[in-house]
Structure formats: C-alpha cells, structure tokens
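The exercises below are meant to be worked through with the sequence and the coordinates side by side. Try each task before reading its solution.

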Amino acid sequence: MADNVLVWEDDPASELGTIEVSAPDLNRPPYALLIDGLAPPARVHDKGTREFRYWAAAAALSRAVSFWGGLVPAGITWEPGSVLSVILDEGEDLNAFYDRKALNFFHGPSGDGRTVFSGESPDIVCHELGHGILDSLRPELFNTASLEVPAFHESFADISALLTALQVPQLRDSILKETGGHLDRNSNWSRLAEQLGSAIRAQAPDAVDPDCLRNAANSFTYQDPETLDASAPAAALSQEPHSFSRAFTGAFLEAFAGMVLTKSPNPTSDDLLAVSKAAGSLLVAAVQSAPVVPEWYSQVAAALIEADRQNGGTFAVPLKSALVRRGILTAQNAVAVGFLQAGSTAVAAAAPAAKVRDLPLQAIDGAAYGLGNVPLFVHVANQVRRVVALASGRGGGIVSPPNSDRAARTFVEHLIRLGRIDYDGHGIQGAYVAHPRARKTHRIERLPNGALALRRILFYCQQYG
C-alpha cells in the first residue's frame, strides 16, 4: 500500500486546506511525466517545504493525466515524446509555461513578504498540463497564426484545471455546499490560481481579476476579436489570449452547470464526477474534429453539440443554451448542428481530423514588420470547413470571420504591438519594434531553404509582463 502524502485540496490561497492522498505514480502511459530532481520520501511533509511542494505538484499532475488519459483515443501521447519533463522551480518569475520541452514553474514575491511557487498550485499545474494535452490532440494549433486559436489553448488549459479539480472527492463536496448545486456561481472552484493572482495584483493591480488570476464564473460574451484592443485591464475583454479565453471558459462553465442539473436537479458528488468525465470526453471529441479556421471558437462549439448528438443528445439543451447566450454560436447555427444538416455532413463534423504537426505556411509582407524585403512565412488557419458555424456579435448580428490571410496578418500585428516576437537578429536595425522587456511567445526562425518563419516558443499562464 502506497504511503500517504499531504497536498493542497485546491489552490494554496483558497479557503480550503490540505488533504492526504496516496503517493502518486507519474510513470503511466499515455501521459508519463518526470519531475526534475530526486523525489523526496513519500510521507506527510510540512507545508512550505520543498518536499511538500513536490508532492503537491505530483498529486495534481497525477490527477490530470489520469483524467485526460482515460478520455483520449489510443495511440495519443505527448507531442515532445513519450515522457514530458516537469521543472518545479526554474527561477524567479510570477508565471509558468509549456514549451514543448517541459512544464516549467517558477517562484516570485507575493507582495506580503512571502514567496509564491507557481508549481505548488493545482490550478496552475493542471493549466500548464492542459496545454500539453491539447498539443497532443491537435499539434497544429501550436503555431497557428489566428487570434482565436491561442485564446482557445488558454481556455482549454483553464478547463483542464476545472475538470481535474473535480476528481478530488472533498472538493466536490465543498463545491456542492458552497454553490447549492449551481456550479456556474462564483466559488473556490471557479476562482483559478488565487495565490498567483494576488502576487501579480500587488505589482499590477488591474492585470488580473480582483479575487484570483481568472474566474471562470464570468459574464463575458463573444466579440469579434478584430474589433478589440490588443490588451486591456482584466475587467474588459481584449485580443490577448488569456483575456479572450474567458469568453469560451465562461460559456463552458455555464454549459457544465446546466449539464449537471440535467443529470440531476439535486446533484451529488457522484453526479459531478460523472459529468466531469462526460464534458471532458465531449471536449476531446470536439477539438479533434473541428477544422482550424479563423472562427475556431464557433467550430469547436458546433463540434461539441455534434459530439453530444452522436452520444445520444443528453446535454443538447445546456450546451446550445450556453453557447448561444455567450454569442459563440448564432441561434440558427445551434439549431442546425446535429438536427437539420444532412446525415453525411453531421457524421463528418464529428470525425477526428487528420493529425498534422503544422498547418501550411503562407508568406506575408516582411517589410511591414521590419524584415526588409524578405517575406515572413506564417502557419495559416485554412482547413476545410465541414459545417457553417458562426458567432454572433453585439446586438445579435452574425460575425463574418476574416479569411485566413487577414487573420494571420492581424495576429502578427497583435504580437508586435505587445512585443511578443523575438526577432533573433533577423530584423532590420531601427526598423522593427523590439519591446526588450516584454515576454516573448514567438520567434522568427530561418528555415532550411533560407526563408523566415514565425514559430511559437511557449504558452505561459498569465499575460502580465
């Protein structure tokens, strides 16, 4: 029998405390993990110690890989290989990131004299692992130049934190008590990464939500991302991926709450567990089948509804209601998906897309971005649409998506405005916008044929900095 270890039930700064669990085994397919450094003895360690932080992270990681590993198709594994590395403390930074090499965590000042370790929070650990899961399912999303795709990556990562948390029996009990069974209410569960959010707030008061890093219980509705600012305070929606992600995350939480009440008007802990697995399964099916196009949110939403229809349509009402109310699908599209469409089209909509590592490269004018007369190649969101799936903007009007070329140019301009591109010596001195202190998510690389291409470096957990 495995020894017990002491871990956090939820984020360290939530109102919940610690629990004892069996020491986890991270060497399990399809998502094996290896934490950097020697594992401390598997026993109850004092909070605040390195040993405690190790087992807190290991337990959260184990829950996440067990959850997603039971839902993904056979043959799926990490994009970097069979084992993904985990680095629990890579230095000082109020952040964490996934870079196709490892899950990377850091430490930083809390604002009250203490030190925050991002790898200690189950919310952050399971968020970063969520990036790795989505990368294993649809690796072509990693480099796609389109605003909605990285925003969805962030939403999926937050959803990973939410669904993984529901695998803890004590947390399910506390959520039901706190929300009265209405899961879309503000709660310890919906408030993600309270501790890191508080530390960032001490340095940048409007960069995060007032009570956490991001709250899934929000009222954001879909807006055409091309009409939004590149970044904005946390109270507003912007193009920035972590910000724009909240529209989809809020819709998912609202749909999930409805799914729970559909299963039972008086839900139990077992009901929450069952619906978490059902919701995760639908999400896996949806992200596998949705074609990568600029209106990615709507395509995933349509694929969610179609996946549910092929599974009996149990949750059609809460899914359609939430996705339409949040503007991610028009009412007409929500009605049509899985109901009015021809059977052959509906089946195609729910079939997994062919797995590719990258979308096609397309050249855009490099001179506009400080590269001189050299074109810049980007991976464009131009897969073939199987169904019509459109969002509704303010006032209920249909949002016409941009073509893949315009979406790519808008995306590159967004990155430049926020200083997210590392030119790596390829820019014309004095012509490009460097933003030397800004975090870099992308790099311009020279391809074997001599051309320049934009490639993603990493996904990190928060837009601050």
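**Exercise 1: Backbone exceptions**

Pro30 is placed in the loop between β2 (18-22) and β3 (32-35); the model is a predicted one. Task: determine what the geometry of the peptide bond from Pro29 to Pro30 is, and then examine phi at Arg100 and at Asp424.

Solution. Begin with the general expectation that most peptide bonds are trans and that most residues other than glycine have a negative phi. The bond from Pro29 to Pro30 is cis, with omega near 5°. Turning to phi, Arg100 has a positive value of about 65° although it is not a glycine, and this residue belongs to the loop between β5 (96-98) and β6 (102-105). Asp424, likewise not a glycine, has a positive phi near 55° and is located in the loop between β13 and β14. As a last step, consider accessibility: Arg100 has a relative accessibility of 12% and therefore counts as buried, the cut-off being under 20%, whereas Asp424, at 45%, counts as partly exposed.

**Exercise 2: The packing of α1 and α3**

Task: describe how helix α1 (residues 50-69) packs with helix α3 (residues 148-165), and state which residues of the two helices meet.

Solution. Two packed helices are described by the angle between their axes and the distance between the axes. For α1 and α3 the angle is about 100° and the axes are 10 Å apart. Angles of 65 to 115 degrees count as roughly perpendicular, and α1 and α3 are therefore roughly perpendicular to each other. The contact brings Ala60, Arg63, Ala64, Phe67 and Trp68 of α1 together with Phe156, Ser160, Leu163 and Thr164 of α3. Sorted by character, the residues of this contact comprise six nonpolar, two polar and one charged.

**Exercise 3: Nonpolar cores**

Task: identify which residues of the largest nonpolar core touch the most other members, and list the contacts of Leu129 beyond its neighbours within four places in sequence.

Solution. The largest nonpolar core holds 118 residues, and those touching the most other members are Trp68, Leu129, Phe152 and Trp189. Once neighbours within four places are set aside, Leu129 is in contact with Leu33, Leu61, Ala64, Val65, Trp68, Trp78 and Leu103. A second, separate core of 18 residues includes Leu376, Val412, Leu415 and Ile416.

**Exercise 4: Three side chains in their surroundings**

Task: for Gln167, Arg214 and Tyr432, decide whether each is buried or partly exposed, and describe its surroundings.

Solution. Gln167 is in the loop between α3 and α4 (169-179), and with a relative accessible area of 19% it is buried. Its side chain makes a polar contact of 3.1 Å with the side chain of Ser276; leaving aside neighbours within four places in sequence, Gln167 is in contact with Arg63, Phe67, Arg172, Leu273, Ser276 and Lys277.

Arg214 belongs to strand β10 (residues 214-215) and is buried, with a relative accessible area of 5%. A polar atom of the Arg214 side chain lies 3.1 Å from the backbone oxygen of Cys461.

Tyr432 is in the loop between β13 (421-422) and β14 (442-446), and its relative accessible area of 25% makes it partly exposed. Not counting residues up to four places away in sequence, Tyr432 touches Tyr369, Gly370, Tyr423 and Gly427. The C-alpha atoms of Tyr432 and Leu371 are separated by 7.2 Å, although these residues are 61 residues apart along the chain.

Technical notes
Residues are numbered from 1 along each chain as its sequence is written. This is a predicted model: local features need pLDDT of at least 70, side-chain atom pairs count only at pLDDT 80 or more; totals for chains, interfaces and linings use all residues. Side-chain values use heavy atoms; hydrogens and water are left out. Helices (H or I, at least four residues) and strands (E, at least two) are DSSP runs, numbered from the N terminus. Buried means under 20% relative accessible area, exposed over 50%, partly exposed in between (1.4 Å probe, protein chains only). Contact means heavy atoms within 4.5 Å. A nonpolar core is a set of buried Ala, Val, Leu, Ile, Met, Phe, Trp, Tyr and Cys residues joined through side-chain atoms within 4.5 Å. Axes are lines fitted to C-alpha atoms, for helices over the stretch in contact, and angles run from 0 to 180 degrees between N-to-C directions. Angles under 35 degrees count as roughly parallel, over 145 as roughly antiparallel, 65 to 115 as roughly perpendicular and the rest as oblique. Ala, Val, Leu, Ile, Met, Phe, Trp, Tyr, Cys and Pro count as nonpolar, Asp, Glu, Lys and Arg as charged, and the others, Gly among them, as polar. A polar contact is a pair of N or O atoms within 3.5 Å; within protein, one must be able to donate a hydrogen and the other to accept it, and residues adjacent in sequence count only if both atoms are side-chain atoms.
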